[in-house]
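Me: I am new to this structure and would like to know why things in it are called what they are called. Could you take me through it?

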Amino acid sequence: DGVFVLNEGSMGSANASVSFIPAAGDSVQGDLFMNANGKGVGDVLMDMVSVDTLSFLVLNGSQSLMVVNNKNFNHVTEITDGISNPRHAVVHDGLIYVTQWGNEGEVAIVDPENYEVIGSIAVGMGPEGIRVINEEIWVANGGIGQDNTISVIDPAENAVANTIEGGDCPKDLAVDAEGNVWAVCSGYTNWNTGESTTPYLQKMNAGTYEVVESFELPAAHSQIAASADGETFCFGGGYGNAGVFA
């Protein structure tokens with residue numbers, strides 16, 4: 001009955017933490033994992049998903065999924081085999097799907113009951129944001145390197161069924177009130193030459209998998225979320241880009 005806040009920490013410092021803000025009152029409970037277990041949770045905490053009373057914390061720097069009891073945050077186990085630079089996760093039909101930069105870009109399939117990776121799906125380079133949309137799993141490829149694709153996975157086959165090409169480096173996905181899918185694309189920067197491609201906000205038809213509109217952005221952003229009614233988006237984040245925009 002409240003909000004978990006994931007504190008990423010500094011790369012290589014293993015100082016990530018999880019806080020909790022109760023719905024009632026204005027207090028903050030800090031560092032839940034440390035308080036419950038007497039040690040830190042790990043390095044670069046990116047995401048957290050829950051299956052029943054278990055929560056799975058996605059640790060990019062530690063290259064693992066830390067499993068805790070989400071009622072008291074007691075440590076249960078840690079999944080490392082088959083996990084390589086994990087980024088974000090979703091739960092669908094009893095399984096956890098995790099985007100990872102390792103192995104040239106893939107989605108790991110995790111069995112939460114047996115705490116193991118049971119398969120993987122090759123997608124684009126640097127898979128980042130992942131969402132379940134219309135019983136399909138959409139993956140934005142472009143968290144690292146240059147990629148301009150969004151992979152649509154059929155979970156019945158655990159394989160990519162469609163690939164959408166659009167703006168460079170899509171980072172995250174959201175759905176509007178009419179069922180259209182939107183991606184925030186940060187554009188690609190070549191750090192050797194300093195040249196950059198244009199960042200976009202991109203609208204796609206979820207039924208035809210076509211890009212139907214693109215809006216040029218003045219700066220690169222990395223995350224997007226829809227309002228409860230699906231009529232407004234908030235987007236922001238990205239290195240060196242302050243602010244949240246609607």
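**Strands, a serine and a pocket**

Me: Let me start with one residue. Which residue of E14 stands opposite Ile153?

Reply: Val160 in E14 stands opposite Ile153. Please keep in mind that this is a predicted model. On another strand, Ile137 has Ile153 of E13 as its bridge partner.

Me: What makes E12 and E13 a pair of strands?

Reply: Strands count as paired when there are at least two bridges between them. Strand E12 (residues 136-141) and E13 have four bridges, in the antiparallel sense, so they meet the cut-off of at least two.

Me: And how do you know that E13 and E14 pair?

Reply: The same test applies. E13 and strand E14 (residues 159-165) are joined by six bridges, again antiparallel, and at least two are needed, so the two strands pair. One example is Ile150, whose bridge partner in E14 is Ile164. The hairpin of E13 and E14 has four residues between the strands, and Asn158 takes a positive phi near 50 degrees there.

Me: Why is strand E13 called mostly covered?

Reply: Strand E13 covers residues 149-154, and five of its six residues are buried. A residue is called buried when its relative accessible area is under 20%, so "mostly covered" reflects five out of six residues passing that test.

Me: Which strands stand at the edges of the sheet with E13 in it?

Reply: That open, antiparallel sheet has four strands in the order E11-E12-E13-E14. Its edge strands are strand E11 (127-133) and E14, each of which pairs on one side only. On average, neighbouring strands here are turned by 25 degrees against each other, direction ignored.

Me: Why are E3 and E6 called edge strands?

Reply: They belong to an open sheet of four strands, ordered E3-E4-E5-E6, with antiparallel pairing. Strand E3 (45-51) and strand E6 (75-79) each have a single partner strand, so each has one side without a neighbour in the sheet. Neighbouring strands of this sheet are turned by 20 degrees against each other on average, direction ignored. The partner of E6 is strand E5 (residues 64-69), with four antiparallel bridges between the two; in one of them, Leu65 is matched with Ile79 of E6.

Me: Why is Ser19 called buried?

Reply: Ser19 has a relative accessible area of 12%. Buried means under 20%, so Ser19 qualifies. Ser19 is found in strand E2 (residues 17-22). Beyond its neighbours within four places in sequence, Ser19 is in contact with several residues, including Val3, Phe4, Val28, Gly30 and Leu32. Asp31 is 12 residues away along the chain, yet its C-alpha atom is separated from that of Ser19 by 5.4 Å.

Me: What makes the link between Ser19 and Asn7 a polar contact?

Reply: The side chains of Ser19 and Asn7 are joined at 3.1 Å. The limit for a pair of N or O atoms is 3.5 Å, so the distance is within it.

Me: Which residues are closest to the centre of the largest pocket, and which strand gives the largest share of the lining?

Reply: The largest pocket has a volume of about 1,100 Å³. It is lined by 37 residues, and the closest to its centre are Glu128, Lys171, Ser222, Gly238 and Tyr239. E3, strand E7 (86-92), E11 and strand E15 (170-175) each supply at least two lining residues. The largest share comes from E11, with four residues.

Notes. Residues numbered from 1 in each chain as written. Predicted model: local features only at pLDDT ≥ 70, side-chain atom pairs only at ≥ 80, totals over all residues. Heavy atoms only, no water. Buried < 20%, exposed > 50% of the residue type's maximum accessible area, 1.4 Å probe, protein only. Contact = heavy atoms within 4.5 Å. Polar contact = N/O pair within 3.5 Å; in protein donor to acceptor, adjacent residues only side chain to side chain. Axes fitted to C-alpha atoms, helices over the stretch in contact; angles between N-to-C directions. 1 Å grid on protein atoms, 1.4 Å probe; cavity = no way out; pocket = protein on both sides within 12 Å on 5 of 7 lines; lining within 4 Å. Points joined across faces, edges and corners; volume = space filled by probe spheres on them.
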